[in-house]
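Please open the structure in the viewer and keep a selection tool at hand. The tour proceeds stop by stop, each time with a selection to make and a note of what is found there.

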Amino acid sequence: MNPIKDYQISLQNVEYDPPHIGLGIELLLVIKGEMEVTVNQHSCRLSENHLLLINANDIRSMKGNQENVVLSLQIPLEMIEAHYPAIHESRFDCDSSKEDNGMYMFFGQIRQLMAKIFIAHYQQKEGSEIEIYSMIFQIVLILIRNFKTTYLGRHAHTGIKDERMKEILAYIGKNYRKPITLAEIANRHYLSLYYLSRYFKEQVGASFSQFPIYQTAPFEIGSPRAYLYGPPDYPDFPEQWFPKCKGIQ
């Protein structure tokens, strides 16, 4: 399996996850408790059963307490682009914490699919990989047909006002599958390595070495305190954590 093309899924407790930029689509489903998510300087409070999508290249941070449980699914854009090349030019507005706008049915479908993906991932039955990828593409199709919004291009980084940094982040977003170095970016923008290092940290809030060009640690998303649930330690996971996801077999 190509790790760059692979999804990541985890169940975690989020107390604090500092600002960073993700390079794929991330879906957050609050199973228990509450948390606050800030995306491009806009904050929203999520509670049980709320679903939120974080677009690729958005700056997001999270904070909560020891009581919350959050299911996170990350989908790399490269996994989608062969079948839908416009994914790099697409943004989605998927936030169930907003006032009801008639999308409750689609939110429910995504919740159920995320739950089934998590269960299938840990059960690892014959054909599970096919089943999981099929469900991920079902989620992507729901997003494209029902939650797609106007693409903001290089101005998608609304939390960053500096035009040059927007261009740098756009370049990284388009080439994240390739090895990218700070020196390469410095040369492209005619900057000294020392200046770019300081400039990047000031604008993004993290050093280039901390920037998640691709997260290689499997199934570890978000908070450093993230932990995983699943067989064999949590054999009754579906009944414990997904009482509202009806019809899961």
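Begin by selecting Leu 29 together with Leu 51: in S6, Leu 51 is the bridge partner of Leu 29. The model is a predicted one, in which local features need pLDDT of at least 70 and side-chain atom pairs count only at pLDDT 80 or more, while totals for chains, interfaces and linings use all residues. Residues are numbered from 1 along each chain as its sequence is written, and side-chain values use heavy atoms, with hydrogens and water left out.

**First stop: the sheet that contains S6**

Extend the selection to strand S3 (residues 24–32) and S6, which pair in the antiparallel sense over four bridges. Two strands are said to pair if DSSP finds at least two bridges between them. Strands (E, at least two residues) and helices (H or I, at least four residues) are DSSP runs, numbered from the N terminus.

Now display the whole sheet, an open one of four strands in the order S1-S8-S3-S6 with antiparallel pairing. S1 and S6 stand at the edges with a single partner strand each, so one side of each has no neighbour in the sheet. From one strand to the next the twist averages 15°; angles run from 0 to 180 degrees between N-to-C directions, and axes are lines fitted to C-alpha atoms, for helices over the stretch in contact.

Which way do the side chains of strand S6 (residues 51–54) point? Leu 51 and Leu 53 point one way, Leu 52 and Ile 54 point the other way, and all are buried. Buried means under 20% relative accessible area, exposed over 50%, and partly exposed in between (1.4 Å probe, protein chains only). In a regular strand the side chains alternate between the two faces of the sheet.

At the other edge, select S1 and strand S8 (residues 69–76), which run antiparallel and are joined by five bridges. Ser 10 is found there opposite Ser 72 in S8.

**Second stop: Cys 94**

From Ile 54, move to Cys 94: the C-alpha atoms of these two residues are separated by 8.3 Å, although they lie 40 residues apart along the chain. Cys 94 is placed in the loop between strand S9 (91–92) and H2. Its relative accessibility is 2%, so Cys 94 counts as buried.

**Third stop: the other four-stranded sheet**

Next, select S2, S7, S4 and S5, which form an open sheet in the order S2-S7-S4-S5, with antiparallel pairing. Strand S2 (16–21) and strand S5 (42–46) are its edge strands, each pairing on one side only. The twist here averages 15° from one strand to the next.

Narrow the view to S2 and strand S7 (residues 59–64), an antiparallel pair with four bridges. Opposite Ile 21 stands Ile 59 in S7.

Then select Gln 41, in the loop between strand S4 (35–39) and S5. Gln 41 has a phi near 70°, a positive value in a residue other than glycine. Most residues other than glycine have a negative phi. With a relative accessible area of 64%, Gln 41 is exposed.

**Fourth stop: helices H2 and H3**

Select helix H2 (residues 104–123) and H3, whose axes come within 9 Å and cross at roughly 160°. That makes H2 roughly antiparallel to H3, since angles over 145 degrees count as roughly antiparallel, those under 35 as roughly parallel, 65 to 115 as roughly perpendicular and the rest as oblique.

For the 20 residues of H2, 1.5 Å a residue gives a span of 28 Å, and its end C-alpha atoms are 29 Å apart, which agrees. The expected span is 1.5 Å times one less than the number of residues in the helix. Just after H2, Gln 124 takes a positive phi of about 50°.

On helix H3 (residues 128–146), the buried residues include Ile 132, Tyr 133, Met 135 and Ile 136.

**Fifth stop: Asp 6**

Finally, keep Tyr 133 selected and add Asp 6: a polar contact of 2.7 Å joins their side chains. A polar contact is a pair of N or O atoms within 3.5 Å; within protein, one must be able to donate a hydrogen and the other to accept it, and residues adjacent in sequence count only if both atoms are side-chain atoms. Asp 6 is in the segment before strand S1 (8–12), and at 12% relative accessibility Asp 6 counts as buried.
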